[in-house]
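Dear colleague,

I am passing on to you the structure that I have been looking through, and I would be glad if you would read my notes beside it. Please take your time, and keep the sequence and the structure open as you go.

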Amino acid sequence: MKQDSDAVNIPECFISNHEGFLGSIKNAIKDFVVTEIDITGRRVNTAAATPPPDCASPDRKEEASAECKWKNHSSVALDTDVAADCGLDVTIPSPGSFDLSVILGQSVSEELEQFVLTLKEKPTKQELSLGSFADKHHRANVHRAVRHRFPFLMTVTIQPEIRVREDPDYRELSHLVTEDEAEDFFRFIDAKVRGSSYTFGPDDDKEHRTAVHHFLSRRFGKLVETKSFTDQGTTAISVRLREQGRPKKRTAEERKEEDVYTAFTLRKENLETLEAISYMAAALGVLPSDFTYAGIKDKRAITYQSMVVKKVSTQRLKEKTAEFEKRGMRLSQVRSVGEPLRLGRLQGNHFDLVVRDLRPQGAADGHSSGADSHARLAALVKEAVENVKARGFVNYYGPQRFGSVKSVQSDRVGLALLKEDMVSAVRLFFTPDDSNDPQNYAKRHFLQTDNAKESLALMPLSKARERLMLRALNRYGTGPDGCTQAWLSLPHSTRVFYPHAYCSRVWNEAVAHRLTTLGHSARRGDLVWRREDTGENSSAQIHVVTDQEEHEGVYTLGHVLLPMLGNTVKYPENAMATWFQERLARDGLDECRFRVSGLKLNLPGCYRPLLASPSNLGYQLQRAACGEGGGEVTANSSRNSDRQQNGTAAEGKRDSLTLTLNFDLDSSCYATICLREIMKCDP
């Protein structure tokens with residue numbers, strides 16, 4: 001199997017002792033197909049896979065909060081699901097930018113950009129027409145997108161035309177506070193999120209604060225209330241939306257439109273889930289957060305998954321399907337539903353994988369004849385598949401869990417956050433890789449100059465998280481307090497992902513140590529789930545294996561759990577307890593409470609089984625076509641005709657075997673880790 005040079009090393013500890021074999025995966029996108037399995041047990045790319053609108057059970061929240069109860073009902077990252085552990089939300093991009101060239105067209109978008117530049121240089125009362133929009137949903141999306149991208153603009157509809165001009169209130173406020181603060185305040189006002197608040201920067205000038213209070217009361221008094229508060233010797237103005245501060249003219253029909261949910265199945269190819277969402281959000285003029293899904297899927301694959309988008313009608317979504325197809329996305333089963341999707345609302349995923357250029361491990365087999373080699377490989381594959389069917393595989397977190405940047409992994413960022421070293425965490429976050437694309441150039445510029453403003457100008461608009469942090473660093477500085485504010489500018493689910501990556505790394509090391517030192521059976525002091533009946537109800541509780549249970553073989557290795565680090569978990573009562581203590585001490589976390597109060601992070605921890613098992617596992621061996629990425633199986637076709645004069649090499653390539661694997665995994669398991677156990681080599 002080919003090994004990615006930037007992949008994280010996963011411990012080499014296997015559960016079966018078969019020999020394995022070599023091969024390569026992901027030679028082509030179509031070699032790795034992932035299909036989500038919904039909560040009814042159907043694959044989402046079948047017509048019957050239409051989840052009922054209210055199919056979440058009352059116990060779903062409990063299932064999502066404990067990672068490994070019986071069948072792993074959690075939102076832990078799958079090979080294709082990079083989600084936070086223990087039921088926490090997955091990272092999604094903040095609404096950092098809309099692609100106005102998609103919404104308005106390239107020429108109108110460029111006119112708008114030029115209009116904005118003119119306003120910045122010299123305020124004017126002129127207006128710019130954005131064109132006519134017959135569809136009211138489209139008009140609403142244009143208003144939202146333009147105001148979010150340029151909060152200092154006012155959008156006006158003179159049906160069906162939309163015009164923009166400078167908002168005089170913004171101009172007045174920008175004379176009282178910084179332009180960044182004015183923009184952020186207008187985004188806050190436009191979002192109208194109930195219970196939300198906005199705080200201006202520190203301001204110890206009482207007269208100036210009074211002027212700001214008066215302006216806000218005069219222009220927005222019916223929407224917001226303001227007050228000054230003092231914290232650690234500095235005073236600032238806080239603005240909060242009033243309880244009844246929603247738009248006056250919102251009719252019952254408009255409220256109904258606001259609650260429109262459209263479900264669909266997304267087929268994407270060579271795209272990250274969040275990348276696909278960002279593009280669809282821009283094209284539809286909604287926020288990325290208006291999309292909900294059960295899990296994130298791998299980029300280098302063909303994937304099928306369910307999604308729900310808010311505030312977009314079925315008709316409006318269908319109008320965009322042709323445009324989406326140009327970007328590698330195909331939408332099907334578009335339908336109205338009554339609610340968004342919940343993260344973790346799936347049974348698992350089905351995988352169709354192709355492993356090409358199979359060959360035995362060890363040089364001695366390289367001189368076997370074609371027939372002997374094929375027979376040998378067939379025996380190796382059969383043994384491997386049967387072993388994994390019977391015994392499962394070690395349930396490691398895969399390398400996708402830790403990011404793919406060569407220079408820094410997410411777990412190192414997480415360790416810095418757990419140590420509350422905010423400056424180091426920020427600098428690790430902005431560590432570039434070896435390429436010199438705009439994103440990495442901007443990161444490199446920040447590390448070299450510490451100039452957040454210049455780096456923000458260099459950072460591509462599509463990099464929402466990096467831009468949010470740079471804006472905060474520009475506003476609050478690059479010291480410890482400024483770096484704390486930079487982390488707080490990211491959604492909670494983004495912040496918590498990094499400490500969870502560190503915990504996942506330690507879990508991988510722990511399971512390898514457990515298997516190496518305590519063997520492949522349940523031992524005294526191990527942790528297992530035990531079902532306890534209490535009258536009408538029964539619940540699963542953590543149980544510590546006793547001496548008697550070990551001797552009687554009450555539990556097997558398949559029952560054994562290891563804790564994910566946290567402040568509420570129980571640790572094994574055997575040699576593993578000491579191992580965890582020493583491992584944390586080595587990273588300076590021996591006193592860690594797994595809370596980072598400054599970032600509002602709390603890691604309670606959870607439990608994960610040592611072993612996982614594929615279901616419905618099947619395979620097929622075929623003589624491969626030689627074209628890269630395969631194709632129809634033909635023994636005589638070859639792309640490498642220019643090398644056929646080399647005789648043996650070309651013939652061997654032409655005569656190689658291809659293995660097709662099909663199996664289902666629970667949503668907390670990694671397909672590449674399962675494949676690793678079958679082949680006995682790293683992905």
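**Helix H13 and its surroundings**

Of the 9 residues in H13, 8 are buried, so that the helix is mostly covered. Please bear in mind throughout that this is a predicted model. The buried residues of H13 are Ser 410, Asp 411, Val 413, Gly 414, Leu 415, Ala 416, Leu 417 and Leu 418. What covers these buried residues? The cover includes helix H14 (422–429), helix H18 (480–488), H19 and strand E18 (595–596). After H13 comes Glu 420, whose phi is positive, near 60 degrees.

**Aromatic rings**

Turning to the rings, the structure holds 26 aromatic pairs. One of them is formed by Tyr 198 and Phe 200, which meet edge-to-face, with 5.0 Å from centre to centre and 85 degrees between the planes. Tyr 198 counts as buried because its relative accessibility is 10%, and the cut-off for buried is under 20%. Phe 200 is likewise buried, with a relative accessible area of 5%.

Another edge-to-face pair is made by Tyr 397 and Trp 507, with 5.9 Å from centre to centre and 85 degrees between the planes. This pair links distant parts of the chain, 110 residues apart, since Tyr 397 lies in the loop between strand E14 (393–394) and helix H13 (410–418), while Trp 507 belongs to helix H19 (residues 492–518). Are these two residues buried or exposed? Tyr 397 is buried, with a relative accessible area of 0%, and Trp 507 is buried too, with a value of 1%.

Ring pairs also join a number of residues into a cluster, which consists of Phe 150, Phe 152, Tyr 170, Phe 185, Phe 186, Phe 188, Tyr 198, Phe 200, Phe 215 and Phe 220.

**Charges over rings**

Trp 507 appears here again, for the charged end of Arg 608 sits over its ring, 5.3 Å from the centre. In a similar way, the charged end of Lys 26 sits over the ring of Phe 32, 4.3 Å from its centre.

**Thr 660**

Lastly, Thr 660 is found in strand E23 (residues 657–666). Which residues is Thr 660 in contact with, leaving aside its neighbours within four places in sequence? They are Leu 353, Val 354, Gly 618, Tyr 619, Gln 620 and Gln 622. Thr 660 counts as buried because its relative accessibility is 19%, and buried means under 20%.

With best wishes

Key: Residues numbered from 1 in each chain as written. Predicted model: local features only at pLDDT ≥ 70, side-chain atom pairs only at ≥ 80, totals over all residues. Heavy atoms only, no water. Phe/Tyr/Trp six-rings, centres within 6.5 Å; stacked < 30°, edge-to-face > 60°. Buried < 20%, exposed > 50% of the residue type's maximum accessible area, 1.4 Å probe, protein only. Helix = DSSP H or I, 4+ residues; strand = E, 2+ residues; numbered from the N terminus. Lys NZ or Arg CZ within 6 Å of the ring centre and 35° of its normal. Contact = heavy atoms within 4.5 Å.
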